[in-house]
Amino acid sequence: MNKGDPFEHSLRLEVPFENSRQADVARKVLLPDPIMKPEDFHVRYSAQDSKLVCDFESVDERILRVGVNSVIESIKTIIETMDELC
């Protein structure tokens, strides 16, 4: 964190999948989701091996909690959909 950086709070979430393809599909599905207040909250998605990695940054704890909760709900829906289709 740089001095003067408004994003003082961060969290890394690693979600395991059965294989790297599923992790990458989840990453691609999440990419188009708009962030409601990009000046207050950022999220970066990456796929590392069979894990979806989500790096969050926010200006305060409440915004971090709300943003992370929203992404977790989306990931839950993605996993449920994969389970139904596979």
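**Group meeting: strand E3 and its neighbours**

Okay, let's start with strand E3, residues 51–58: 6 of its 8 residues are buried, so this strand is largely enclosed by the rest of the structure. Before I go on, keep in mind that this is a predicted model.

So what is around E3? Have a look at the sheet. We have an open sheet of 3 strands, in the order E1-E3-E2, and the pairing is antiparallel. E1 and E2 are the edge strands, each pairing on one side only. From one strand to the next, the twist averages 15°. And just as a reminder, strands of a sheet pair through backbone hydrogen bonds, in either a parallel or an antiparallel way.

Let me take the E1 side. E1 covers residues 9–16, and it pairs with E3 over 8 bridges, in the antiparallel sense. If you want a landmark there, find Glu14: the residue opposite it in E3 is Val53.

Now over to E2, residues 41–48. E2 and E3 run antiparallel too, joined by 8 bridges. Two landmarks on this side: Tyr45 stands opposite Cys54 in E3, and Val43 stands opposite Phe56 in E3.

How many residues sit between E2 and E3 in their hairpin? There are 2, and Asp49, in the turn, has a positive phi of about 55°.

Stay with Phe56 for a moment, as we get to the aromatics. The count here comes to 1 aromatic pair. Which residues form the pair? Phe41 and Phe56, with 5.9 Å centre to centre and 35° between the planes, which makes the pair tilted. Phe41 is in strand E2 and Phe56 is in strand E3, so the pair ties together parts that are 15 residues apart in sequence. Are these two buried or exposed? Phe41 and Phe56 are both buried.

Last piece: the helix. H1, residues 20–30, lies across E2 and E3, and the helix runs at about 155° to E2.

To pull the picture together: E3 sits between E1 and E2 in the sheet order, helix H1 lies across E2 and E3, and E3 has 6 of its 8 residues buried. If you're rotating the model yourselves, try Phe41 and Phe56 as a starting point, that tilted pair between E2 and E3.

That's my bit, over to you.

Notes: Residues are numbered from 1 along each chain as its sequence is written. This is a predicted model: local features need pLDDT of at least 70, side-chain atom pairs count only at pLDDT 80 or more; totals for chains, interfaces and linings use all residues. Side-chain values use heavy atoms; hydrogens and water are left out. Buried means under 20% relative accessible area, exposed over 50%, partly exposed in between (1.4 Å probe, protein chains only). Helices (H or I, at least four residues) and strands (E, at least two) are DSSP runs, numbered from the N terminus. Two strands pair if DSSP finds at least two bridges between them. Rings of Phe, Tyr and Trp (its six-membered ring) pair if their centres lie within 6.5 Å; planes under 30 degrees apart count as stacked, over 60 as edge-to-face and the rest as tilted. Axes are lines fitted to C-alpha atoms, for helices over the stretch in contact, and angles run from 0 to 180 degrees between N-to-C directions. Contact means heavy atoms within 4.5 Å.
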